[in-house]
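Colleague: I would like to learn how to read a helix, a cavity and a loop from a model. Could we take them in turn?

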Amino acid sequence: MAMDSSLALSQSDQENLLEELGVFKIQGRDKAGRKVLLITGKHFPAREVSVEVLKKYLEEKIYPKLEEKPFSVVYMHTDVQRSENLPGISTLRSIYEDIPINVKNHLESIYFLHPGLQARLFLATLGRFLFSGGLYSKLRYVTRLEFLWDHVRRSEIEIPEFAYDHDEELEYRPMMDYGLESDHPGVYGGPSMDNNHLSLYSMRGIA
């Protein structure tokens, strides 16, 4: 099963792409001394990597580095584009179900950096049903980098410049923290939407 029907890369090329882009990194520790799995959503090539290759990559390159010990996840949603970086709901579910039980059990917290309104709505409405085993209860929204440092060791985590740029933008557009403005670059306004339209749009954004 592929994330996009137009896949043209070989399996090895897809694996190399994930490695080169640095989508998944074991980097630093949280304040409790646990390892941190850093996931950079903007770097994830959802239209170029198949589900099978992603599962194999995680199984061979990432899970062993966690050493069957408690760990935390920092997921950066900053500047994620649904057309380029987001797999479909069924893909997310398939990936989650394939995570070994010992890895799931050792996951302590997920720090979701720079969540947009669409992501919040999706997780609030479907997260509990899609992700079993108490994963949803481990989710922590982090709207600013300054709040992330309350949970992870700042000196040990390498955050890309675009995340700092987004934080700076929030200083001038604080309503973005509450999802009342678009969090996509270059889009600063638009017609108001009723709740039904908003919910529908949020589902399209994740699917």
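Colleague: Against which element do the buried residues of H1 pack?

Modeller: They pack against H2. Keep in mind that this is a predicted model.

Colleague: Which residues of H1 are buried?

Modeller: Helix H1 covers residues 11–21, and its buried residues are Gln14, Glu15, Leu17 and Leu18.

Colleague: How should I read that spacing?

Modeller: Begin with the general idea. An α-helix has 3.6 residues a turn, so residues three or four places apart point the same way. Now the case here: the buried residues of H1, seen down its axis, fall within an arc of 155°, so they line one face of the helix.

Colleague: What comes after H1?

Modeller: Gly22 follows H1, and its phi is positive, near 65°.

Colleague: Where do these pieces sit in the whole chain?

Modeller: The protein chain has nine helices and five strands. From the N terminus, the order is α-β-β-α-β-α-α-α-β-α-β-α-α-α. Of its 207 residues, 44% count as buried. Among contacts with a separation of 6 or more, 78% join residues 24 or more positions apart. The chain exposes about 11100 Å², and carbon and sulfur atoms supply 52% of that area.

Colleague: Now the cavities. How many of 30 Å³ or more are there?

Modeller: A cavity is a space where a 1.4 Å probe fits but cannot get out. The count here is two cavities of 30 Å³ or more. The largest has a volume of about 950 Å³.

Colleague: Which residues lie nearest the centre of the largest cavity?

Modeller: Ile39, Tyr75, Leu92, Phe131 and Leu135 do, out of 33 residues in its lining. By class, that lining has 28 nonpolar, four polar and one charged residues.

Colleague: Which elements supply at least two residues each of that lining?

Modeller: Three strands appear by name: E2 (35–40), E3 (71–76) and E4 (107–113). The helices are H2 (51–62), H4 (89–97), H5 (101–106) and H6 (117–130). H6 gives the most, with four residues. H2 therefore has two roles in this account: the buried residues of H1 pack against it, and it supplies at least two residues of the lining.

Colleague: Last, the loop. Is Pro87 buried or exposed?

Modeller: Apply the cut-off: buried means under 20% relative accessible area. Pro87 has 9%, so it is buried. Pro87 is in the loop between helix H3 (82–85) and H4.

Colleague: What separates the C-alpha atoms of Pro87 and Val49?

Modeller: They are separated by 9.8 Å, while the two residues are 38 residues apart along the chain.

Methods. Residues numbered from 1 in each chain as written. Predicted model: local features only at pLDDT ≥ 70, side-chain atom pairs only at ≥ 80, totals over all residues. Heavy atoms only, no water. 1 Å grid on protein atoms, 1.4 Å probe; cavity = no way out; pocket = protein on both sides within 12 Å on 5 of 7 lines; lining within 4 Å. Points joined across faces, edges and corners; volume = space filled by probe spheres on them. Nonpolar A, V, L, I, M, F, W, Y, C, P; charged D, E, K, R; others polar. Buried < 20%, exposed > 50% of the residue type's maximum accessible area, 1.4 Å probe, protein only. Contact = heavy atoms within 4.5 Å. Areas by Shrake-Rupley, 256 points an atom, 1.4 Å probe, with all protein chains shown as cover. Arc of directions from axis to C-beta.
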